[in-house]
Amino acid sequence: MNGLHLIADLYRCEPVSGLLVERAALETLCIEECRSAGLSPLGAYFYQFVDERGEAAGVTGTVVLAESHLAIHTWPESGDVTLDVYVCNFSRDNSGRARQLFRCVIDALRPQDIVSHEVVRGRLPAEV
């Protein structure tokens with residue numbers, strides 16, 4: 001179960017298109033970037049939230065990959081996004097592919113500030 005989990009909180013995003021509020025646009029971006037990075041989408045589910053007036057609001061979505069997943073959630077009212085990309089590295093090292101996907105999605109969202117972490121998964125601590 002060795003893998004790499006990339007996690008980011010993206011603040012004050014200013015994408016060129018309506019990625020923060022348009023489910024179809026965000027889903028297309030995520031699936032296409034997964035493929036461009038050399039990962040294998042198996043399916044996706046993206047949900048469009050609406051505000052009290054019935055207008056498009058945030059989006060939450062997941063792309064299930066043969067290698068694991070991408071998960072994203074948007075808050076258009078503040079321009080914030082959470083992004084997770086996790087890949088397993090069992091049969092091949094997908095770390096570079098995960099980093100490429102992560103960077104491309106972040107670049108498309110154009111955040112002003114980013115807090116991100118890389119977590120190596122599936123390794124026992126040395127003292128165990």
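Here are three short exercises on a predicted model, each with a worked solution.

**Exercise 1. Work out the strand order of the sheet, and say which strands stand at the edges.**

Start with the order: the six strands run E2-E3-E4-E5-E1-E6 in an open sheet, with antiparallel pairing. Now look at the ends of that list. Strand E2 (41-50) and strand E6 (113-121) each have a single partner strand, so one side of each has no neighbour in the sheet. As for the twist, it averages 10 degrees from one strand to the next.

Next, zoom in on one pair. E1 and E6 are joined in the antiparallel sense over nine bridges. To find your place there, take Leu-6, which sits opposite Glu-118 in E6.

**Exercise 2. Find which strands each helix touches as it packs on the sheet.**

Take H1 to begin with: H1 touches E2, E3 and E4, and its direction makes about 155 degrees with that of E2. Then turn to H2, which packs on the sheet against E1, E4, E5 and E6. The direction of H2 makes about 10 degrees with that of E1.

**Exercise 3. Track down the residues with the most contacts inside the largest nonpolar core, and the element that gives the most to this core.**

The core in question has 30 residues, and Leu-70, Ile-72 and Leu-109 have the most contacts inside it. Who supplies it? At least two residues each come from strand E1 (3-11), helix H1 (23-36), strand E3 (56-65), strand E4 (68-75), strand E5 (80-88) and helix H2 (95-109). H2 tops the list with six residues.

Finish with Ile-72: leaving out residues up to four places away in sequence, its contacts include Leu-26, Cys-30, Phe-46, Val-59, Leu-83, Val-105 and Leu-109.

Terms used
Residues are numbered from 1 along each chain as its sequence is written. This is a predicted model: local features need pLDDT of at least 70, side-chain atom pairs count only at pLDDT 80 or more; totals for chains, interfaces and linings use all residues. Side-chain values use heavy atoms; hydrogens and water are left out. A nonpolar core is a set of buried Ala, Val, Leu, Ile, Met, Phe, Trp, Tyr and Cys residues joined through side-chain atoms within 4.5 Å. Buried means under 20% relative accessible area, exposed over 50%, partly exposed in between (1.4 Å probe, protein chains only). Helices (H or I, at least four residues) and strands (E, at least two) are DSSP runs, numbered from the N terminus. Contact means heavy atoms within 4.5 Å. Two strands pair if DSSP finds at least two bridges between them. Axes are lines fitted to C-alpha atoms, for helices over the stretch in contact, and angles run from 0 to 180 degrees between N-to-C directions.
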